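Ready for some practice at reading a protein model? Grab a pencil, look at the picture, and try each task before you peek at its solution.

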Amino acid sequence: MNTPLDRAEPLIAPGHSACVGCGEVLGARLCLDAAGKDVIVTGATGCLEITTSRYPESSWRVPWIHSLFENTAAVAAGIEAALKALGRQDEAKVIAHGGDGATADIGLQALSGMLERGHDVLYICFDNEAYMNTGVQRSSLTPVGARTMTTPPGRQSWGEVIPKKNMPAIVAAHGVPYVAVASVGYPQDLQKKMKKALAVRGPKYLQVHVPCPLGWAFDTSLTIKLAQLAVQTALYPLYELENGTVTEVRKVGRRLPVEEYLKPQGRFRHLLRPGAEKELALIQALADANAQRFGYPPLSSVTVNK
Amino acid sequence: MVVLSQKSASLLHMEVLEGSRAVAEVVKRCRPHVISAYPITPQTHIVENLAQMVADGELASEFVNVESEHSAASVCLGAAATGARTYTATSSQGLALMSEVLYNIAGLRLPVVLTCANRTLSAPLSIWNDHQDSLMVRDAGVIQLFAEDCQEAADMHIQAYKLAEDHRVLLPVMVAMDGFILTHTFEPVTIPTQEEVDAFLPPYQPLHYLTPKAPLSMGTWCEPDKFLEVKYMMHQAMEVALTLIPQIAEDFRRHFGRYSGGLIEEYRMDDAQTAFVAMGSLVTTIKDTVDELREEGHRVGLVKIRAYRPFPTQAVARALEGVERVAVIEKAISIGGVGILAADIKSALYGRERPMVGTFIAGLGGRDVTKDSLRWIMERLEEGATLQEFVDLNLSLIGDDEG
Ligand SMILES: Cc1ncc(C[n+]2csc(CCOP(=O)(O)OP(=O)(O)O)c2C)c(N)n1
Ligand SMILES: [Mg+2]
């Protein structure tokens, strides 16, 4: 039922105020273009909302509503209920989007309610691994070792110490039929998952890894490269969970050591100085565990280019 | 009392119903597309009744059983933005949790109708009635109508939809009814038929709504050069509501044969020297007390505030013209301040020949306000009461009765 992709007119129009190299707005554009025009979208407070909807302008070429930071899933449930009650359920697919903070922290309760009640809603979490809109504070999806404004490295700290919350597993535990992890580093894979998700009736969840040049402190030309490195190091494996079981894992040609991913990012710079070997080893161990779980090839030894 | 004012035709529909049931019966006849609520005493019976109606196939609403009041209001928000008529109900802590969303609903100009079964706020935990909850969201842009009895509560819901959905208003409307005192009391009420309600309340015609057929963005943010204007427009909509509330009440009278609306009600105010001002079910006790005091020769009357937001400044000023003393009875407290309702009353009287206005904090956390309490208030007022008095305060409880 979706209209074919019109390359000349992405459904998120240019002219928004996202930073150069913003992974989040790119991810949103890819998702929406895969979904097509026949959608109603609701978004949480956060960078994506702010950069695309300054009155009197809007980048959204589809019907879109922003309410608050933590209620996106509930607003989506209301939209879906209204479409049903009005006999308009064939008119549009309902999509909710939120950042990692909106999804895994403050909006987790509303999300859980929406999932548990089985609304026909696709929830997309754009994971840039911190509260970027308020100036880079940690969220429960901030990875171990990362520097944020509220997990600063200091004389007694190496940055974030709590491992990233396993949101896909939490969502799957609600009995959600389709859960997928995707990345802007792999656009076709992302769009394939979007389409697959939208073909499923009931709640579905897509978590998209979206590098943030400002918050992670990397060169704006590296967004895609870093997104790919996160996958290649097994720090951010891409997979699908259908009815709770892993059905697909995105294959990587060779697995890279985590330093490859950490090195270009200012948020991990303190880990690459002498003295941080233990912390670095911990991050490699997290990647190794992922690699084992998702069947990655053994670690390639690469020559580090200076 | 209610019976006497009925047209004989509507006597046919009269039943003895619990207040919550009466509200559920009329909400059903308003045909909301989406209902979403979260249980909290004393609101529960309203939504339980509605759930049963849906379960029995009497009501074709989507009933969304959410995990919190924040989500209940958010579901209504999303549904209203999609073009649906919506309903929710809550109390106390639930309204506090909803408050963020209520501001948002009002700012988005969505005509959600909700009931507040008035209950105080914790701590100390108390499930009993006062008006602290409604008054907490005074400034959100939610129209607030206070009901005196079950009939009025029921009738106000029908009028609430008409008011909220008027394209000149498009604001949420909250019908406030005293928890337990009204929600759990059985009174004779006339429940209109579906046909009668349909004839009064047309289907909801949204001005804007979310659809791929005509994409629009809602809930965009704005810079300081535009924000004030949005609030100004909301304020103007409230001013329109000020004129529409009495008109809708008149219209309601034509359809249903009773007047249960309007901004204020004046009771025995002709030649009154002393006036009580109050909201909600307490008004009935005041009316009885006024009758007794009148018999004893006191020139006393009552101004009942039905519309609290928008506040009927002009009507209140007119009603209190020439009165010497006013006792504002507050079922809420601004801790560290002086009277919440009294502030509105005083400001309505500013710049005029002003009566003495006393603020009386009474009935908090469900304490009864009796005729004796009201007589005490009268006496204090005549003695020249201080700025703010606490009615039936028991100082021995806090070991402060000696000195
Ligand atoms: C109730 C509430 N608390 C806090 C905020 C402030 N706030 C707005 S956006 C935001 C962070 C958003 O982070 P995330 O969801 O990860 O989205 P991002 O900006 O990173 O895309 C915060 C803390 C708010 N708007 N509402
Ligand atoms: Mg974020």
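**Exercise 1.** Find the helix that holds Ser71(B), then decide: is Ser71(B) buried or exposed?

*Solution.* Start with the address: Ser71(B) sits in helix 4 of chain B, residues 69-81. (Helices are DSSP runs of H or I with at least four residues, strands are E runs of at least two, and both are numbered from the N terminus.) Next, the accessibility: Ser71(B) has 1% relative accessibility, so it counts as buried. (Buried is under 20% relative accessible area, exposed is over 50%, and partly exposed is in between, using a 1.4 Å probe and protein chains only.) Last, the neighbours: leaving out residues up to four places away in sequence, Ser71(B) touches Ala74(A), Ala110(A) and Val66(B). (Contact means heavy atoms within 4.5 Å.)

Before you go on, a word on the ground rules. This is a predicted model, where local features need pLDDT of at least 70 and side-chain atom pairs count only at pLDDT 80 or more, while totals for chains, interfaces and linings use all residues. Residues are numbered from 1 along each chain as its sequence is written, chains are lettered from A and ligands numbered from 1 in the order in which they are written, and side-chain values use heavy atoms, with hydrogens and water left out.

**Exercise 2.** Work out why helix 2 of chain B is described as largely enclosed.

*Solution.* Count first: 10 of the 11 residues of helix 2 of chain B are buried, so this helix is largely enclosed by the rest of the structure. Now put names to them: the buried ones include Gly19(B), Glu25(B), Lys28(B) and Arg29(B). Then step past the end of the helix, where Arg31(B) has a positive phi, near 55°.

**Exercise 3.** Describe helix 3 of chain B: its span, its buried residues and what they pack against.

*Solution.* Begin with the span: helix 3 of chain B (residues 44-55) has 12 residues and reaches 16 Å from first C-alpha to last, close to the expected 16 Å. (The expected span is 1.5 Å times one less than the number of residues.) Next, pick out the buried residues: Thr44(B), Ile46(B), Val47(B), Leu50(B) and Met53(B). Their packing partners in chain B include helix 2 (19-29), strand 2 (34-37) and strand 7 (173-178). Finally, just after helix 3 of chain B comes Gly57(B), with a positive phi of about 75°.

**Exercise 4.** Find the two domains of chain B and say how many residues of each are in contact with the other.

*Solution.* The domain assignment gives domain 1 (6-256) and domain 2 (266-390). (Such bounds come from an automatic or database domain assignment.) The C-alpha centres of these two domains of chain B lie 27 Å apart. For the contacts, 25 residues of domain 1 meet 24 residues of domain 2.

**Exercise 5.** Which element gives the largest share of the lining of the largest pocket?

*Solution.* Start with the space: the largest pocket holds about 1,200 Å³. Among its 39 lining residues, the closest to the centre are Gly107(B), Leu108(B), Gly219(B), Thr220(B) and Val230(B). (On a 1 Å grid over the protein atoms alone, a pocket is an open set of points with protein on both sides within 12 Å along at least five of seven lines, and lining residues have an atom within 4 Å of a point; points are joined across faces, edges and corners, and a volume is the space filled by probe spheres set on them.) The largest share, 7 residues, comes from helix 9 of chain B.

Notes: On a 1 Å grid over the protein atoms alone, a cavity is a set of points where a 1.4 Å probe fits but cannot get out, and a pocket is an open set with protein on both sides within 12 Å along at least five of seven lines; lining residues have an atom within 4 Å of a point.
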